[in-house]
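Biologist: Could you take me slowly through a single part of this model, and explain each term when you come to it?

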Amino acid sequence: MNVLFICSQNLYRSPTAEAVFSGIPGLEVSSAGTNAGAETPISADLIEWADTIFVMETAHRRRLQSRFGSQLKTKRLIVLDIPDLYEYMDPALVSLLKQRVTPHLKLNPTQAAALT
């Protein structure tokens with residue numbers, strides 16, 4: 001499964017999510033930002049690649065739907081409701097990501113063990 005995490009600048013939240021979930025067997029993980037100046041700007045290629053897309057805020061979902069609406073029809077798009085209050089790898093952010101993302105991934109015991 002290909003999982004894409006999206007925030008605004010691709011500096012803190014989505015790269016943290018990518019780091020946290022990248023070690024899980026069977027998952028390919030990437031991250032991007034919706035803003036033009038993002039470290040890795042979102043692209044049509046990334047949308048095409050992803051099976052599941054997690055966005056940090058509702059505003060990110062709106063931006064994606066505005067730019068890539070037709071490409072999103074076959075994608076799982078999940079809003080995590082995680083505000084831009086955290087630094088990269090902040091323990092509170094890591095905990096919140098695990099709590100909100102994991103139920104959507106349907107991990108087997110081996111995959112779940114990689115998160116500990």
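Modeller:
**A close look at helix 1 and its surroundings**

Thr16 counts as buried, because its relative accessibility is 0%, where buried means under 20% relative accessible area, exposed over 50% and partly exposed in between, judged with a 1.4 Å probe and protein chains only. This is a predicted model, in which local features need pLDDT of at least 70 and side-chain atom pairs count only at pLDDT 80 or more, while totals for chains, interfaces and linings use all residues. Residues are numbered from 1 along each chain as its sequence is written, and side-chain values use heavy atoms, with hydrogens and water left out.

Thr16 belongs to helix 1, residues 13-21; helices (H or I, at least four residues) and strands (E, at least two) are DSSP runs, numbered from the N terminus. Leaving aside neighbours within four places in sequence, Thr16 is in contact, meaning heavy atoms within 4.5 Å, with Glu87, Tyr88, Met89, Leu93, Val94 and Leu97. One of these, Val94, is 78 residues away from Thr16 in sequence, yet their C-alpha atoms are 7.1 Å apart in space. Another, Met89, sits in the loop between strand 4 (76-79) and helix 4 (91-105), and with a relative accessible area of 36% Met89 is partly exposed.

Leu97, also in contact with Thr16, has further contacts that include Arg13, Ala17 and Phe21. Phe5, Phe21 and Leu97 touch the most other members of the largest nonpolar core, which has 23 residues; such a core is a set of buried Ala, Val, Leu, Ile, Met, Phe, Trp, Tyr and Cys residues joined through side-chain atoms within 4.5 Å. Strand 1 (2-7), helix 1 and helix 4 each give two or more residues to this core, and helix 4 provides its largest share, six residues. In soluble globular proteins, nonpolar side chains tend to be buried together.

Helix 1 also holds Arg13, which counts as buried at 2% relative accessibility. Its side chain meets that of Glu57 in a salt bridge (2.6 Å, N to O), a term for a side-chain nitrogen of Lys or Arg within 4 Å of a carboxyl oxygen of Asp or Glu. Because Glu57 lies in the loop between strand 3 (52-55) and helix 3 (58-68), this pair ties together parts that are 44 residues apart in sequence. Arg13 and Asp84 form a salt bridge as well, at 3.8 Å, N to O; Asp84 is in the loop between strand 4 and helix 4, so here the parts tied together are 71 residues apart in sequence. Arg13, Glu57 and Asp84 are thus linked in a network of salt bridges.
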